[in-house]
Amino acid sequence: MKALCWHGTEDVRVETVPDPQIQDSRDVIVRITATAICGSDLHLYDGFMPTMEKGDILGHEPMGEVVEVGRGITTLKVGDRVVVPFTISCGSCYFCQRQLFSLCDTSNPNADVARKAMGQSPAGLLGYSHMLGGFPGGQAEYLRVPFADVGPVKIPAGLRDEQVLFLSDIFPTGYMAAENAGIESGDTVAVWGCGPVGQFTIQSAWMFGAGRVIAIDRVPERLAMAATHGRAEIINFDEHDVYDRLMELTGGRGPDRCIDAVGTEAHGHGSFDAVLDKVKAAVYLGTDRPHVIREVIMCCRKGGTVSIPGVYIGFLDKIPFGAAMNKGLTLKMGQTNVPRYHHLLLEKIQAGQIDPSFVITHRLPLEEAPDAYRTFRDKKDGCIKVVLTP
Ligand SMILES: NC(=O)c1ccc[n+]([C@@H]2O[C@H](COP(=O)([O-])OP(=O)(O)OC[C@H]3O[C@@H](n4cnc5c(N)ncnc54)[C@H](O)[C@@H]3O)[C@@H](O)[C@H]2O)c1
Ligand SMILES: [Zn+2]
Ligand SMILES: [Zn+2]
């Protein structure tokens, strides 16, 4: 089959590789009909994520048709249409029982590597490094889905791929980001980053009863989408000092709930800390560029909540932890517990409350994935979200 393989920083190639096989009785094989590129894939593309190996198949936002089922699978049959979450979860461990699917204790075969880096291992993830399982990803013609009786959500007839594809990751991720922010009715919610995750975070903040949403980015078409589709007030961080502007907009108090939907590859408008991060990351002295989380902590109102869907990787420098402590902030974060939100969000789509396809700007064949990665990373050609079809 054809698949998009990682070969190094900024080097991804469409190659012919062996078709996946059923390896366990709880596996299914899915023929991919649509598969997206995520901001998290950029951390692999840009070389921030360790334990990648040449030839690794990328992709963790796939959907398609079940073409083969393992002996132990009774919940799916050949011909079913499914969206596959990026998290791999066994469904029965301590964490899965508590719906903490991204923290599954059994799905990462390389848990000992992750344990060395993090103390304990989170769940295995599709197409996301060997430390997180070494599972081949879904930017391919076919995908093996482990524990297929837990993760995949069956799609009823009548819904287009583009309406449901983002149940694999970014819609639940935006929703969990808003949930983790602990939004109370009427709250002012500030969202850093107007990429696809930021857009779904903004949509979800309203669902949780926000009174105002303020969105921060510098890419004009992303800010425009936040303003029109997301009904957010916007701040362009190239034009304003974000702290000063947020204080102005909130009468000096700061936003009640602050959400970092940027993560490890933040840019700064020439700010000293952001320049230093860039230099350190470039010479492997720093694992992350955490400009946004610093700013979020400084801007959040006293007693407020910081929610972090943005991905961080290693050891972050110069985080104003004293500010977080003395201001009494609550911090919540994590990879998304995707299946936990499937039914709720599928219902919202079916009821016509949201059509997640609004973020899609580019529809391309899988063969064009290498160019699509660059276009998405560089925010060229108005690119906000790419959907690939094998
Ligand atoms: N927690 C999870 O389970 C989960 C799931 C999916 C994605 N993510 C993470 O969420 C983050 C966003 O994903 P995405 O797909 O939207 O990525 P993206 O790269 O398309 O979007 C990031 C946005 O942040 C903006 N940005 C950069 N520096 C900024 C700054 N200083 N202030 C404000 N905005 C700034 C960029 O211009 C860009 O629009 C990534 O870190 C990704 O890895 C996490
Ligand atoms: Zn993703
Ligand atoms: Zn589990």
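Just after helix α12 comes G352, whose phi is positive, near 75°. Helices here are DSSP runs of H or I with at least four residues, strands are runs of E with at least two, and both are numbered from the N terminus. This is a predicted model, in which local features need pLDDT of at least 70 and side-chain atom pairs count only at pLDDT 80 or more, while totals for chains, interfaces and linings use all residues. Residues are numbered from 1 along each chain as its sequence is written, chains are lettered from A and ligands numbered from 1 in the order in which they are written, and side-chain values use heavy atoms, with hydrogens and water left out.

**Helix α12 and its surroundings**

Let us stay with α12 for a moment. Its buried residues are H342, L345, L346, K348 and I349, where buried means under 20% relative accessible area, exposed means over 50% and partly exposed lies in between (1.4 Å probe, protein chains only). Seen down the helix axis, these buried residues of α12 fall within an arc of 155°, so they line one face of the helix. The arc is that of the directions from the helix axis to the C-beta atoms. H343 and E347 are exposed, on the other side of α12. An α-helix has 3.6 residues a turn, so residues three or four places apart point the same way.

What do the buried residues of α12 pack against? Their partners are β10 (153-154), α4, α5 and α6, with contact meaning heavy atoms within 4.5 Å.

**An aromatic cluster around F200**

Helix α6 brings us to the aromatic side chains. A search of the whole structure finds seven aromatic pairs. Rings of Phe, Tyr and Trp (its six-membered ring) pair if their centres lie within 6.5 Å; planes under 30 degrees apart count as stacked, over 60 as edge-to-face and the rest as tilted. Two pairs that share F200 are set side by side here.

| Pair | Centre to centre | Angle between planes | Type |
|---|---|---|---|
| F171 and F200 | 5.3 Å | 35° | tilted |
| F200 and F358 | 5.4 Å | 55° | tilted |

F171 lies in helix α5 (residues 170-180) and F200 in helix α6 (residues 196-207), so their pair ties together parts that are 29 residues apart in sequence. The pair of F200 and F358 links distant parts of the chain, 158 residues apart, with F358 in the loop between α12 (342-350) and β17 (362-365). F171 and F200 are both buried; the relative accessible area of F200 is 0%. F358 also counts as buried, at 13% relative accessibility. Together with F166, the residues F171, F200 and F358 form one aromatic cluster.

Q203 is also placed in helix α6, and it counts as buried at 14% relative accessibility. Leaving aside its neighbours within four places in sequence, Q203 is in contact with H229, G230, I354 and F358.

**Two zinc sites**

Which residues coordinate the zinc ion (ligand 2)? They are C38 (SG), H60 (NE2) and D169 (OD), at 1.8 to 2.2 Å. Donors are N, O and S atoms within 2.8 Å of the metal (3.2 Å for Na, K and Ca), and water is not among the atoms, so sites may look incomplete. The donor residues of this zinc ion (ligand 2) are spaced C-x21-H-x108-D in sequence. H60 sits in the loop between β4 (56-57) and β5 (62-69), and D169 in the loop between α4 (161-164) and α5, so this pair links distant parts of the chain, 109 residues apart. Both H60 and D169 are buried.

For the zinc ion (ligand 3), the protein donors are C90 (SG), C93 (SG), C96 (SG) and C104 (SG), lying 2.3 to 2.4 Å from the ion. Their spacing in sequence is C-x2-C-x2-C-x7-C. The site of the zinc ion (ligand 3) is tetrahedral, with angles of 104 to 116° among its four donor atoms; four donors count as tetrahedral if all angles lie between 85 and 135 degrees. C93 and C96 are buried.

**Helix α9**

In helix α9 (residues 272-282), A274, D277, K280 and A281 are buried. They cover an arc of only 125° around the axis, which puts them on the same side of α9. F272 and A282 are exposed on the other side of α9. The buried residues of α9 pack against α10 (291-299). Y284 follows α9, with a positive phi near 60°.

Key
Four donors count as tetrahedral if all angles lie between 85 and 135 degrees; four count as square planar and six as octahedral if opposite donors are over 155 degrees apart and all others between 65 and 115; anything else is irregular.
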